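Me: I am new to this one and would like to understand the words used for it. Could you show me the structure, and then I will ask away?

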Amino acid sequence: MQKSKQRIMAGIACFALSISLVNCTMAATSGEEFNIYVNDTQVDAQYPKDIYNGVTYVCYLPIVQAAYPNSLAVWKDGKVYVTDEGFSMTIDPKKNYLECNGRCFYAASGFKMVNQALIVPAQTLAQALGGTAVWGSEYDLYFTTSETPIATGDAVYNSDDLFWLSRIIFAESGNQSLEGQIAVGNVVLNRVASPSFPNSVHDVIYQRNQFTPVANKSINRTPSEDAVAAAKLALEGANTAKSSLYFVNPKVSPNSWASRARTYVMTIGSHAFYA
């Protein structure tokens, strides 16, 4: 039980660290040119890159190929697939996450197409490559990537945690945005990390009188692809609900205990969240 709590808290800490590394000492601004280095080697400057609303976007292709010179990138069915030995990355421009080796990495601001090239948030790409993206000297962005591909999802995610988290996300918020689905996952993981609640995802979900889908058995429905992705993102440390421990649908429960007794945090879609 205690190991589950420690594993979840470690994932949250790693995600927070990756954000701080990308945003530190940022020099360039939107529309300005900047250089990109991967493991101290400058990449081809012809590829599009820019900064939108404070988020640095780079073309995935030269950076991935610098890390994996033998990799093959193929567009199929509106997605890009990049493969090499021990490495598999999929980017769907319509989603707000990319997949790598069975894991999901959050791109809250999404992806963009510029001059028929796909550009992605530098932070998200760096995570998928097992490294960091750090602003160095003025107008220089440095990627440092792992010497080996990141660990697979099977190795990183506890199978029971993923199984139950994806099901409660789907049952409670399958009709909500990805942001809203991650938020429901955050509530469960925040409870696991709290001394006031049980120490595992399963036990938090099955705590008496806490989640309606347990009572009505909808917890047993097979989750959607996005619900599974939301669970993986939450387990990776993506957080859209901050410190929330409760959520309610105000239209369904207009005078809920949480709305009267807990601190309001935010509303995402149909759910109000409380700490």
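Me: What makes the link between the side chains of N35 and Q42 a polar contact?
Reply: Happy to help! Keep in mind that this is a predicted model. The side chains of N35 and Q42 are joined at 3.3 Å. A polar contact needs a pair of N or O atoms within 3.5 Å, so the value of 3.3 Å fits and the name applies.

Me: Why is N35 called partly exposed?
Reply: Its relative accessibility is 30%. Buried would mean under 20% and exposed over 50%, so N35, at 30%, counts as partly exposed.

Me: Where does N35 lie, and which residues does N35 touch?
Reply: N35 belongs to strand β1, which covers residues 35-38. Leaving aside residues up to four places away in sequence, N35 touches Q42, Y139, D140 and L141. Contact here means heavy atoms within 4.5 Å.

Me: How many cavities of 30 Å³ or more does the structure hold, and what is the volume of the largest?
Reply: There are three cavities of 30 Å³ or more, and the largest has a volume of about 80 Å³. Of the 13 residues lining that largest cavity, I36, V43, D44, A45 and K49 are the closest to its centre. The elements giving two or more residues to this lining are β1 and α2 (60-67).

Me: How is the lining of the largest cavity made up by class?
Reply: It has nine nonpolar, two polar and two charged residues.

Conventions: Residues are numbered from 1 along each chain as its sequence is written. This is a predicted model: local features need pLDDT of at least 70, side-chain atom pairs count only at pLDDT 80 or more; totals for chains, interfaces and linings use all residues. Side-chain values use heavy atoms; hydrogens and water are left out. Helices (H or I, at least four residues) and strands (E, at least two) are DSSP runs, numbered from the N terminus. Buried means under 20% relative accessible area, exposed over 50%, partly exposed in between (1.4 Å probe, protein chains only). A polar contact is a pair of N or O atoms within 3.5 Å; within protein, one must be able to donate a hydrogen and the other to accept it, and residues adjacent in sequence count only if both atoms are side-chain atoms. On a 1 Å grid over the protein atoms alone, a cavity is a set of points where a 1.4 Å probe fits but cannot get out, and a pocket is an open set with protein on both sides within 12 Å along at least five of seven lines; lining residues have an atom within 4 Å of a point. Grid points are joined across faces, edges and corners, and a volume is the space filled by probe spheres set on the points. Ala, Val, Leu, Ile, Met, Phe, Trp, Tyr, Cys and Pro count as nonpolar, Asp, Glu, Lys and Arg as charged, and the others, Gly among them, as polar.
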